[in-house]
Amino acid sequence: MQSTANYLWLISDLLGQGATANVYRGRHKKTGDLYAVKVFNNLSFLRPLDVQMREFEVLKKLNHKNIVKLFAVEEESNTRHKVLVMEYCPCGSLYTVLEESSNAYGLPEDEFLIVLQDVVAGMNHLREYGIVHRDIKPGNIMRVIGEDGRSVYKLTDFGAARELEDDEQFVSLYGTEEYLHPDMYERAVLRKEHQKKYGATVDLWSIGVTFFHAATGSLPFRPFEGPRRNKEVMYKIITEKPSGTVSGQQKFENGKIEWNTEMPVSCNLSKGLQSLLTPVLANILEADQEKCWGFDQFFAETSDILHRTVVLVFSLQQATLHYIYIHQYNTATLFQELLSRRCSIPVHNQELLYEGRRLQLEPNRQAQTFPRTSRDNPIMLLSRESVATVGLIFEDRKMLRGLRFSWTPLRPSTTSLLMVFSLCLSVERIKVLLDSITAIYHQFKKDKAERRLPYNEEQIHKFDKQKLVFHATKARSLFTEECAMKYRLFISKSEEWMRKVHHVRKQLIGLTSQFNSVEKEVSMVMERVIKCPVLTLSILSVISRMKKLKEEMEGVVKELAENNHFLERFGSLTSLDGGMRSVDRI
């Protein structure tokens with residue numbers, strides 16, 4: 001056990017370990033409250049004194065909900081080494097979150113937006129004080145749970161941070177190689193000397209890599225065998241990245257680099273958010289610092305994303321839930337144009353339904369007055385013209401759990417939607433798993449040829465073996481349990497389901513037309529009645545007389561019936577009497 005004047009911790013309660021310090025879970029001696037205690041090692045004292053003091057000075061200036069708070073600076077009782085007492089984050093880091101199997105393809109959309117908002121807010125606070133972080137990565141973004149139950153992310157580890165204005169530069173090297181700006185990578189990783197200086201925008205590159213990692217579950221730049229094993233190709237990828245691209249991957253040894261301007265198909269984010277996010281990533285993942293966005297533009301563009309409202313629209317033809325990101329002041333005209341681009345249904349053919357009723361949006365109606373949508377209750381989009389069902393990649397399976405249709409005959413067919421959603425996403429995930437399996441297989445072949453491996457390479461080799469088994473098992477399970485069965489069922493039902501929808505729609509349109517005609521006729525009669533009050537009275541008088549005449553006629557009919565009945569009885573008696581008289585005569 002180690003301690004300071006007010007805090008104590010166990011060596012076994014290690015939370016994290018770096019080159020110059022270890023972080024432990026500690027407690028206040030009097031209150032028992034938990035804190036993160038950062039204890040510096042002997043290597044840290046080899047740095048110049050001003051460098052040692054930077055982290056203390058930086059943290060003292062900062063006070064923001066998205067930056068880990070510094071509570072005290074004390075000395076360890078035995079070694080007299082400096083100790084930082086900081087806010088304890090029990091939920092780990094963003095890296096911990098991304099390592100969870102459920103986030104293998106990136107964070108869910110709601111969680112990613114929280115990361116985006118919190119990291120941007122934290123960075124904005126740093127720039128207000130002219131501070132550059134220089135080691136931004138998922139492992140340095142801590143997570144806590146707020147009072148409302150939502151995640152809150154906080155920047156931490158300011159050991160590499162320093163004050164640096166937008167027009168200033170530095171030459172020292174810090175950071176983690178996968179997230180390093182290309183200019184810094186050249187010196188820090190490849191050990192190539194150059195005279196380049198670095199500005200505050202190096203943080204933007206690290207932010208770009210971090211956001212891509214959070215959105216997709218993987219790094220944007222991946223040489224064959226990985227960035228740690230193939231550093232020369234890694235440097236080639238990050239320095240030769242074409243403008244407008246957000247990722248590059250080398251899938252085979254000595255193979256060409258495949259560039260992408262969009263997120264991978266396995267990404268969990270909606271196409272609506274991806275269309276806004278990819279231009280931001282493309283412009284901050286720019287090796288040329290002259291072409292890279294500055295912080296002002298970065299903050300402006302990300303703020304634009306975060307201040308949009310989301311309208312959820314479920315396209316029946318595509319069997320897909322769309323997220324339409326739009327400003328509250330935008331009109332229905334722009335909304336339907338965006339919908340047309342996403343769904344390939346012209347504006348004049350768009351039929352919108354909400355809670356089972358037709359939704360009519362006036363052209364100038366603002367988005368802030370649109371009905372409130374959710375995964376369970378989206379706006380339904382139907383084409384007025386019959387089109388073939390096209391299953392796009394499903395973007396949110398959870399939406400179906402509470403989806404309700406207002407047309408009772410169509411309810412059994414909601415299972416068809418679930419099939420296509422699961423199918424499309426499962427196929428893309430299998431592709432990702434197969435790519436990982438192929439990469440591990442090639443690495444096995446190379447490692448086998450070398451026979452003896454260094455210790456670190458051997459550990460990676462063992463870890464990859466475990467991953468290979470997991471990937472193969474998962475791929476087989478996805479195919480046999482989800483893809484094959486759901487594909488057959490969906491193909492057999494989807495077209496029939498859509499035919500029913502259009503048949504019901506045509507019947508409703510016809511019925512509506514008939515009702516409109518009847519309504520017009522009734523309106524015309526009522527207008528005539530209102531205009532002619534005398535005629536109305538005479539009509540009522542005639543009706544009254546006719547009722548009276550009807551009653552009199554009914555009385556006459558009743559009397560005639562009684563008379564007729566009497567005559568019939570009298571006739572039968574007469575015939576009987578005549579018969580008896582004949583007998584008497586005999």
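Below, a colleague questions a modeller about a predicted model.

Colleague: Why is D135 called buried?

Modeller: Its relative accessibility is 13%. The cut-off for buried is under 20%. D135 is below that cut-off, so it counts as buried.

Colleague: Where is D135 found?

Modeller: D135 is in the loop between strand 7 (131-132) and strand 8 (141-145). The C-alpha atoms of D135 and F158 are separated by 8.0 Å. Along the chain, these two residues are 23 residues apart.

Colleague: What makes the phi of R134 worth a remark?

Modeller: Its phi is near 75°. That is a positive value in a residue other than glycine. Most residues other than glycine have a negative phi. R134 also belongs to the loop between strand 7 and strand 8.

Colleague: Is R134 buried or exposed, and how do you know?

Modeller: Buried. R134 has 4% relative accessibility, and under 20% is what the term requires.

Colleague: What about S344: buried or exposed?

Modeller: Exposed. The relative accessible area of S344 is 64%. Exposed means over 50%, so S344 qualifies. S344 lies in the loop between helix 9 (332-343) and strand 16. Its phi, near 60°, is positive too, and S344 is not glycine.

Colleague: How do you know that the span of helix 5 is close to the one expected?

Modeller: Helix 5 covers residues 202-216, which is 15 residues. The expected span is 1.5 Å times one less than the number of residues. For helix 5 that gives 21 Å. From first C-alpha to last, the model has 22 Å. The two values are close.

Colleague: Why is helix 5 called largely enclosed?

Modeller: Count its buried residues. In helix 5, 15 of the 15 are buried, so the rest of the structure largely encloses this helix. After helix 5 comes G217, with a positive phi near 85°.

Colleague: What is the strand order in the open sheet of five strands?

Modeller: The order is 15-14-18-16-17, with mixed pairing.

Colleague: Why do strand 15 and strand 17 count as edges?

Modeller: Strand 15 (320-326) and strand 17 (357-358) each have a single partner strand. One side of each is therefore left without a neighbour in the sheet.

Colleague: How do you know that strand 16 and strand 18 pair?

Modeller: Pairing needs at least two bridges. Four bridges join strand 16 (residues 350-354) to strand 18 (residues 379-383). The requirement is met, so they pair. The two strands run antiparallel.

Colleague: Which residue in strand 18 is the bridge partner of L352?

Modeller: L381 is the partner of L352.

Terms used:
Residues are numbered from 1 along each chain as its sequence is written. This is a predicted model: local features need pLDDT of at least 70, side-chain atom pairs count only at pLDDT 80 or more; totals for chains, interfaces and linings use all residues. Side-chain values use heavy atoms; hydrogens and water are left out. Buried means under 20% relative accessible area, exposed over 50%, partly exposed in between (1.4 Å probe, protein chains only).
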